[in-house]
Amino acid sequence: MASNYDNNFSKGTDLAVIALYLMMACIGILAIFMVEYNPNADWATSFISGKTSYSKQFFFLIFCAFVGLFILLTDSKVFTALANILFASGLLLMLATFLIGKEINGSKSWIPIAGGFNLQPAELCKVFTALALAKFISRPETDFSKIQSHLIAGAMIAIPAILSIGQHELGLALVYSAFIFAMYREGLPPIILIFLLSFSILIIATLLLEPTLLAIILSVIAGILLLYLGKRFKRNKQAIFVIVLIWMISISTVRFAVPYIFNNVLECYQTTRIYSMVGKEYDCSLNKKAAASLIESGKKSRKPDDYNVKQSKIAIGSGGFWGRGFLKGTQTRGKYVPEQNTDFIFTSIGEAFGFVGTFTFLGLYLFFLFRLIRIAERQRSTFSRVYAYSVVGIFFFHIAVNISMTVGLFPVVGIPLPLISYGGSSLLTFTALIFILLRLDADRQMVLR
Amino acid sequence: MSVYNQNRGGIIQIIIGIVFFLIVGQLVSLQVISNKYKLAADNNAIFRKIIYPDRGIIYDRKKRALLENTISYDLVVIPNEAKGVDTAALCDILKIDKAEYSKRIVEAIIKNTRVKAGLFEPFLTPELYAQLNENLYRFPGFSLSERSIRNYPYNTAAHVLGYVAEVDVNFLKKHESEGYEMGDYAGMTGLEKNYETVLMGQRGVKRFLRDNKGKIQGPYEKGEFDTTAIAGKNLYTSVDVQVQQLAEKLLQNKIGSAVAINPKTGGVIAMAASPGYNPNLLTGSQRRKTIGRLLLDTARPLYNRAIKGQYPPGSTFKPLGALIALDEGLITPNYGYNCFGSYGACGDPRKCEHHNAGHAANLQLALAYSCNSYFLQVFRMAIDNPKYKSAKGGYVKWKEYMNAFGFGRKLGIDLPSENKANIPDTAQYSKDFGNPRYWNSCYMLTLGIGQDRMTATPLQLANSMAFIANGGYYYTPHFVDSIESETEEEAAQLAPFRKKQKITKIPKEYFDVIKEGMHDVTVYGTAAFIKVPGHEYCAKTGTAQNPHGKNHSLFVCFAPKDNPTIAVAVIVENAGYGSTWAGPIGGLLMEQYLNDTLTKESQLKADNLAQVDLMPQAIKNWYIRNNKSAYLTPIEYNNDELSDVWDMEMLAEGVVKIKTTDTNPPTPLPNADKTNKDSLLPNADKKKKLNP
């Protein structure tokens, strides 16, 4: 059984995913081309000269295709065997960036490698974490219905996430929350999801409402619940205790935790972005970090603005229903959207091809994600399934957060749009994620541990 | 174990579906529902550059350009590129200091950002331009940019032509849909305003793509949406630049106005109002310095008295009063009135200048001698006309005539803000005199000699002369005869000026009588000493009482008598007798127009008249108080550059050049009495003030 796939790697490989992968990558290069296009220069020459982002991305893609091919030619067992070692070395690499890291765009998360290229270990660490998590959950001795296992899995996710925050890569850190999908699939109690959901609603409410008013509302809800439940379960002291506990947690979150995080943990610009989502302005003088850097630099605080999101929305909105046409977007041509070939790449598609384009594009992504879920569900081994759901989670999180932030539904955090955004590290990561999954899927009849 | 959680795959799909649905919802709202983003994108990225066409040129009747366009240069700077500038040298040329230099740079940045060209010094003089052009290499980031401004080669007709100025917020509000933008220039007064749409031409728009720093990337869509500029059209007017200049010259140092119309077409030959200003003072760099001073001047040099000034017509009304009575059948040309120097039929006697018997024995004589009694009597007859049963009825009919003659209403000349002056309606009188049923003609008696509440603009007076000259009709006075390659729309704009206005049905023979009477005025009457060499003419003098001081001097006339081609009205405020000041001015204007030149004698007279200072003392005092050395801005006709233009024009016309630079300064006329000695009739027009 094991000897067959060596000869013909395409056997059992999901070709639809490969096709989607190539399609997406090509759309990405096209989108980057739209951003970089210069009508005064001959595009063919600048493409061959390799100095433009789209030609670089093209070469990245060729490189990634080789990596993908290589992965498909390996043995599935390699991944189960190396999962923990890769995870450990990934964490080591991330730690190493604190020593030998190079700072790009304010985050010290890059390691320079030969040829002027830089590697971002945190990106690759996503792959390693996915493998390690799959390895951990698929262990015969792991009983994922136990809270102990949840905590260990949570720690495996939290370590790289915390390291990413240390590198000022908030976006990358948030991505690690995507593993919740895989954990949920494997038996994480839904109450945790519900809890997380209510918690985020609470935080949004904290932003929208006055703290005092919100505290009163929470108290009233708690009071009504107590009266109602108190009558029904007179004996049930535990329920009353739980309600009081939740009430206290909520109030302290609203009054202390959230302001503390906004003012002391997050950077001024991050808090500003979060506030601008709900249409409010944040006074940066409240921010400890901003205050410290102000004293340091002796500069006046700049009025915070949401220029990025504004221009991004203008670009997407100006596309209208049918779009402005290929290479005809004025926002793109005028370089009004910052970071347009990386984090805001979606705007160039939105402007050029309009709602028709964005809708089709999202449809393609949705089809891709559902295809991955289908692959995940057909795995016999837990390892493959957990890994597959991790991939689904990571892709979904990237897509959802990236597009939401360009259309103004989510605060701006710097995470790329999978397979579309310019960037070698990110393309390599997503390539690895997909092709490892395809490799595992090709061996779905095997039970891997 | 995993089997139990199989349904969770579905839940995950639902979660993914919901999130995608939310994103699509937001995309619908951004891309499909809202269209403000498209506008925002255009505002961001498309830079519309207005290409200004040259404004149309205005010509006089002999195709001499009353105004032209010249190029003026501005010094502009792109602050970002202004590095390594030889500041000291630049400041030296512009005569500014370093602080001023930095201030202007900052201003340019505020107005036009760092990367776009901003104004540094507007309207460079030719010397400055030359100096800067030579040294421009020392000032990186600085450049010279062209703009077209008006230039008036004859320094004349400021009130008529009007001026162009930068549009302000109010203008933009009023003309919202006409595509003006901040920084545009538009005609603000005069013909420039009235024919703005014709003169303006069509502005071209070029669209450029600009980037996030405001730098121009290149044409938008390869210029597909660009429109080219179409130059403004030229106007051909009926103005005669020489008559116009003469009129302005003669009114120098006086307050007043002169209007000359060609009765055959209604075309205005000359329209002068004094004090005026040199139109070149309101263009280019001069404007900033001058406009404030002109606005504040107590003599109101910007005020076009020819169409806005309201004056009692005085005796110049008398021919019209006679016409009314003739048409109503109240008098015949042979009607006489026995005047012995005053009119006493209404209580207080009203004085007449003449007491010799028979000076009002018939209409012609009464006109020639301007007999007050005669015309007061004729007026009373018109008001008390039994045909209309009451004084009110008679008055209403009388007013109807006056309106038909063009008084008390706007004539519709092609200049903005014409005044309709005043022919009082019955409401104004019933307010004072009570119920019109009990009125009698004595209440408004002095209307009969052009006083009381009757006022008229000089234009209306000139038009009434055209009306009489034509024998019962006129053409609406206007300047523009034709527009270059006239469109239907433009023809429609000019159509009212090409239509004969024949409102009354007064028979021609009555006009002949009036003309004869007015001719007699110039033969042995009040204007007998004023001659137009080679031509017989008709005229009427007027000396109007007014509440502002000395009598206004008025003169209306037309010539030649048998085939009139010019009708003139002249008013000199607070100057005295009509025959003394307004009369000679009217005579000279007719001579200039009819003969295209002045005789040597007339020329001398004109020079003398120009020197006479008749400014009211109050205005002179104001100048002294405000440290203004001269009256406003005397127009320099003996400008060197200008006399070149003169020479060429004159040679081309084959006429003798009018001597504008006299080697011997003309001796000013000492006073009014001296002029009277020249008159053939010593007692001419020696009306004393009428008792109120």
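At what angle do the axes of helix α6 and helix α18 of chain A cross, and within what distance do they come? In this predicted model, the axis of α6 (residues 121-138) crosses that of α18 (residues 382-406) at roughly 145°, and the two axes come within 8 Å. The crossing of α6(A) past α18(A) is right-handed. On the side of α6(A), the contact is formed by A:K126, A:A130, A:L131, A:L133, A:A134, A:K135, A:I137 and A:S138, and these meet A:T382, A:F383, A:V386, A:Y387, A:S390, A:V391 and A:I394 of α18(A). Classified by residue type, this contact of α6(A) with α18(A) comprises ten nonpolar, three polar and two charged residues.

A further helix pair in chain A involves α15 (residues 307-318) and α17 (residues 345-377), whose axes come within 6 Å and cross at roughly 30°. Helices α15(A) and α17(A) are therefore roughly parallel to each other, as angles under 35 degrees are assigned to that category. Helix α15(A) contributes A:S312, A:A315, A:I316 and A:S318 to the contact, while α17(A) contributes A:T347, A:G350 and A:E351. The residues of the contact of α15(A) with α17(A) comprise two nonpolar, four polar and one charged.

Chain A as a whole contains 19 helices and three strands. Of its 449 residues, 44% are buried. Among contacts in chain A with a separation of 6 or more, 67% are accounted for by residues 24 or more positions apart. Chain B contains 25 helices and 20 strands, and buried residues constitute 43% of its 692 residues. For contacts in chain B between residues at least 6 apart in sequence, 73% link residues at least 24 apart.

The largest nonpolar core has 144 residues, of which B:A260, B:M465, B:V568 and B:L589 touch the most other members. When neighbours within four places in sequence are set aside, B:M465 is in contact with B:V556, B:C557, B:F558, B:A567, B:V568 and B:A569. A second core, separate from the largest one, has 112 residues, including A:C125, A:A178, A:L372 and A:M405. In soluble globular proteins, nonpolar side chains tend to be buried together.

Between the two chains, 33 residues of chain B are in contact with 41 residues of chain A. On the chain B side, two or more residues each come from α1 (6-33), α2 (36-45), β8 (204-210) and β9 (216-219). Helix α1(B) gives the most to this side, with 16 residues. The side of chain B that touches chain A consists of 18 nonpolar, eleven polar and four charged residues.

Several loops contain residues with notable backbone geometry. Most residues other than glycine have a negative phi, and most peptide bonds are trans. In chain B, the bond joining B:S274 and B:P275 is a cis peptide bond, with omega about 0°. Residue B:P275 is placed in the loop between β12 (268-274) and α11 (284-296) of chain B. The peptide bond from B:A559 to B:P560 is likewise cis, with omega near -15°. Residue B:P560 occupies the loop between β19 (549-559) and β20 (566-572) of chain B.

Positive phi values occur in both chains. Residue A:E339, in the loop between α16 (330-333) and α17 of chain A, has a phi near 55°. Because 18 other C-beta atoms lie within 10 Å, A:E339 is partly exposed. Residue B:N155 also has a phi near 55° and is found in the loop between β5 (142-151) and α6 (158-161) of chain B. This residue, B:N155, counts as buried because 20 C-beta neighbours lie inside 10 Å, and the category of buried requires 20 or more.

Another loop residue, A:D283, is located between α13 (268-277) and α14 (288-297) of chain A. Residue A:D283 counts as partly exposed because 14 C-beta neighbours lie inside 10 Å. Twelve residues separate A:D283 and A:T271 in sequence, and their C-alpha atoms are 9.3 Å apart in space.

Technical notes
Residues numbered from 1 in each chain as written. Chains lettered and ligands numbered in written order. Predicted model: local features only at pLDDT ≥ 70, side-chain atom pairs only at ≥ 80, totals over all residues. Axes fitted to C-alpha atoms, helices over the stretch in contact; angles between N-to-C directions. Helix = DSSP H or I, 4+ residues; strand = E, 2+ residues; numbered from the N terminus. Parallel < 35°, antiparallel > 145°, perpendicular 65-115°, else oblique. Contact = placed C-beta atoms within 7 Å. Nonpolar A, V, L, I, M, F, W, Y, C, P; charged D, E, K, R; others polar. Buried ≥ 20, exposed ≤ 12 C-beta atoms within 10 Å, placed from the backbone. Core = buried A, V, L, I, M, F, W, Y, C linked by C-beta atoms within 7 Å. Left-handed = near helix turned anticlockwise from the far one by under 90°.
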